[in-house]
Amino acid sequence: MKRAADRPIAPAIVEQASHWLMLHWGGELDGDEQHRFAAWQAADPEHRRAWQRLQRLQGTLAGVPAEMACTVLREMPDARRRQTLKLLGMLLVAGGSGYLTQAQLPWRETLADLRSGTGERLRRELSDGSRLELNSGSAVDILFSEHERRIRLLAGEILLTSGHDSAAQYRPLIVETPCGDVQALGTRFSVREIDGGTRVALYEGELEIRPRHATPLRLQAGQQLWFSADRTGAVQVADPNATAWSEGRLVAERMPLGQFIAELSRHRSGVLRCDPQVAVLPLTGVFPLADTDRVLAALQQSMPVEVHSLTRYWVTVRARA
């Protein structure tokens, strides 16, 4: 049974509460608006409940304490604020908010500053001159301030080439992940969310990695490692082919077919699977990410496999019959 506080709220009241929230996002209310807002809250307990839940929800969506959320959301571009308001209204009408935690917010990606769809790759030059590239299905928030240049990785993978910041005061360049922070020290590097942690590969310069609950360490050019919030894996040699996606290519050098199909599936809508019977077959080649159908056809011609399609969106690579 739902608690009273988690009951759905009537759409008409949600619309009224949303109106007041937009006014608050616009800045401080004047005297007349403050009186009318107080009268609206006092008119019905459901008004107060709607407003209180809106406050909690907007704090959760902004990823900051509720008392700071209005300031954060006020600074959003208008389009993102409209998206946020629509989402808040849907949650109020649906009822129930106890499950809303920052680590369980799929809409963080929808509301991200930069987001790439399946099969899409983005390249942007940031205000400090850094070049940021997003792989397929990735999302980031850009959180630059006078004290630091922070990029929050919400999903997927990025390739970052740090720029020479012209600000008078030094501002560290930091990539934030759920597992910890990666600080650039004049570098070109990639960061990917994978296997329940974060994989960092460094191609130029130096990096400092600071897991949330483990000892910080540094990487040198040509190294990579995986880390979680409380532990770090072994330092390995970085694979230079791993960033070929930024040029629209997938490069395989004796890569197990199962691993190749998993990588290719990131760039294709629907389900793309590899039968375990052929997953260990080694594959070498350079493949275009813009045409995954062409890649699958090439596999059939060059390997003892066939591509079985239930639909365009459910495909299995299996042993040739």
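**Exercise 1. Work out whether Asp-195 is buried or exposed, and place it in the chain.**

Start with accessibility: Asp-195 has a relative accessible area of 67%. The cut-off for exposed is over 50%, so Asp-195 counts as exposed. Next, find its neighbourhood: Asp-195 sits in the loop between β9 (188-194) and β10. Finally, check the backbone. Asp-195 isn't a glycine, yet its phi is positive, at about 55 degrees.

Keep in mind throughout that this is a predicted model.

**Exercise 2. Do the same for Arg-254: which element holds it, and what is its phi?**

Arg-254 belongs to strand β15. Its phi is near 50 degrees, which is positive in a residue other than glycine. Now for accessibility: Arg-254 comes out at 63%, so it counts as exposed.

**Exercise 3. Describe the surroundings of His-47, beginning with whether it is buried or exposed.**

Take the accessible area first. His-47 has a relative value of 10%, and buried means under 20%, so His-47 is buried. Then locate it: His-47 is part of helix α3, which covers residues 45-62. Now list the contacts. Leaving out residues up to four places away in sequence, His-47 touches Ile-13, Gln-16, Trp-40 and Gln-41. To finish, pick a C-alpha pair: His-47 and Val-14 are 33 residues apart along the chain, and their C-alpha atoms are separated by 8.5 Å.

**Exercise 4. Find out which elements build the largest nonpolar core.**

Begin with the core itself. It has 25 residues, and Leu-257, Phe-260, Ile-261, Leu-264, Leu-283, Leu-296 and Leu-299 have the most contacts inside it. Now go through the contributors: at least two residues each come from β10 (197-204), β15 (249-256), α7 (257-265), β16 (271-274), β17 (282-288), α8 (292-302) and β19 (314-319). The largest share is that of α7, with 4 residues.

Zoom in on one member, Leu-296. Beyond its neighbours within four places in sequence, Leu-296 is in contact with Ile-261, Leu-264, Arg-268, Leu-272, Val-307, Val-315 and Val-317. There's also a second, separate core of 24 residues, with Leu-134, Leu-153, Val-175 and Val-191 among them.

**Exercise 5. Work out how α7 and α8 pack: at what angle, and with which residues?**

First the geometry: the angle is about 165 degrees and the axes lie 12 Å apart. Angles over 145 degrees count as roughly antiparallel, so that is how α7 and α8 run relative to each other. Next the handedness: α7 passes α8 in a left-handed crossing. Last, the residues: on the α7 side you have Leu-257, Phe-260, Ile-261 and Leu-264, which meet Thr-292, Val-295, Leu-296 and Leu-299 of α8.

**Exercise 6. Sum up the whole chain, then say where the pLDDT is below 50.**

Count the elements: the chain has 8 helices and 19 strands. Then look at burial, where 46% of the 321 residues count as buried. For contact range, take the contacts between residues at least 6 apart in sequence; 52% of these join residues at least 24 apart.

Now for confidence. The average pLDDT is 82, and 79% of the residues score at least 70. Residues 61-77 have a pLDDT below 50, and this stretch has 30 contacts in the model beyond near neighbours in sequence. Residues 96-106 are below 50 too, with 19 such contacts. Where pLDDT is low, the predicted coordinates should not be read in detail.

Technical notes: Residues numbered from 1 in each chain as written. Predicted model: local features only at pLDDT ≥ 70, side-chain atom pairs only at ≥ 80, totals over all residues. Heavy atoms only, no water. Core = buried A, V, L, I, M, F, W, Y, C linked by side-chain atoms within 4.5 Å. Buried < 20%, exposed > 50% of the residue type's maximum accessible area, 1.4 Å probe, protein only. Contact = heavy atoms within 4.5 Å. pLDDT = per-residue confidence, 0-100. Axes fitted to C-alpha atoms, helices over the stretch in contact; angles between N-to-C directions. Parallel < 35°, antiparallel > 145°, perpendicular 65-115°, else oblique. Left-handed = near helix turned anticlockwise from the far one by under 90°.
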